[in-house]
Amino acid sequence: MLVEYRKDYQKIAVGLLSFISELHQYNRSRSELDWAVKAHYPVLLWKDDQGSHMIGVVIIEVFSKAVLVRRISFTPSERTGRKIFDCLTAIAKRYPDKRLLGTIATQPLVSSWERDYFA
């Protein structure tokens with residue numbers, strides 16, 4: 001389930017972002033989160049099926065015809081399987097008139113999701 005970022009989720013979001021190799025250091029992941037919030041990019045967290053734990057974070061940028069997935073990170077135990085695709089599907093449903101796109105880093109994941117979603 002998608003949950004919008006709030007200030008009290010800061011430690012969770014920073015921790016999840018730190019699973020991205022170039023954001024591994026606390027200061028770098030914290031700066032990335034602060035930058036996204038300041039730029040008014042939606043920061044969304046993904047809760048597990050029981051709704052008790054945040055297991056993923058996504059930073060997106062919304063355009064008139066597209067949603068750009070800037071960053072996406074899940075806990076190591078949740079990186080495989082359907083959780084990430086479920087998250088991308090929820091984003092697509094939140095913005096039904098926009099196409100999901102990725103950055104150089106996230107496009108392979110978005111393309112895999114598209115192949116699965118539109119199959």
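**Exercises on burial, packing and cores**

Ser 31 has a relative accessible area of 40% and is therefore partly exposed, a class that lies between buried (under 20%) and exposed (over 50%), with a 1.4 Å probe and protein chains only. The model is predicted, so local features need pLDDT of at least 70 and side-chain atom pairs count only at pLDDT 80 or more, while totals for chains, interfaces and linings use all residues. Residues are numbered from 1 along each chain as its sequence is written, and side-chain values use heavy atoms, with hydrogens and water left out.

**Exercise 1.** Find where Ser 31 lies, and state how far its C-alpha atom is from that of Val 67.

*Solution.* Begin with the element: Ser 31 belongs to helix H2, where helices (H or I, at least four residues) and strands (E, at least two) are DSSP runs numbered from the N terminus. Then take the distance, which is 22 Å from C-alpha to C-alpha for Ser 31 and Val 67, two residues 36 places apart in sequence.

**Exercise 2.** Decide whether His 40 is buried or exposed, and do likewise for Ala 105.

*Solution.* His 40 sits in the loop between helix H2 (26–38) and S2, and its relative accessible area of 69% makes His 40 exposed. The backbone of His 40 has a phi near 65°, which is positive although the residue is not glycine. Most residues other than glycine have a negative phi. Ala 105 is found in the loop between S5 and H4, and with 63% relative accessibility Ala 105 also counts as exposed. Across space, the C-alpha atoms of Ala 105 and Ser 77 are 20 Å apart, with their positions 28 residues apart in sequence.

**Exercise 3.** Describe how helices H3 and H4 pack, and check the length of H3.

*Solution.* First, the axes of H3 (residues 83–94) and H4 (residues 107–117) are 10 Å apart and meet at an angle of about 80°; axes are lines fitted to C-alpha atoms, for helices over the stretch in contact, and angles run from 0 to 180 degrees between N-to-C directions. The two helices are therefore roughly perpendicular, a label for angles of 65 to 115 degrees. Next, the contact (heavy atoms within 4.5 Å) involves residues including Ile 84, Phe 85 and Leu 88 of H3 and Leu 109, Trp 113 and Tyr 117 of H4. Finally, the twelve residues of H3 should span 16 Å at 1.5 Å a residue, and this agrees with the 17 Å between its end C-alpha atoms; the expected span is 1.5 Å times one less than the number of residues.

**Exercise 4.** Place Ile 60 in the structure, and name the residues that touch the most other members of the largest nonpolar core.

*Solution.* Ile 60 lies in strand S3 (residues 54–62) and is buried, since its relative accessible area is 0%. Beyond four places in sequence, Ile 60 touches residues including Tyr 41, Val 69 and Ile 91. The core has 20 residues, of which Ile 60, Val 69, Leu 88, Ile 91 and Leu 100 touch the most other members; such a core is a set of buried Ala, Val, Leu, Ile, Met, Phe, Trp, Tyr and Cys residues joined through side-chain atoms within 4.5 Å. S2, S3, S4, H3 and H4 each supply at least two residues of this core, and H3 gives the most, with six. A second, separate core of 17 residues includes Tyr 5, Tyr 9, Val 14 and Leu 17.

Technical notes
Parallel < 35°, antiparallel > 145°, perpendicular 65-115°, else oblique.
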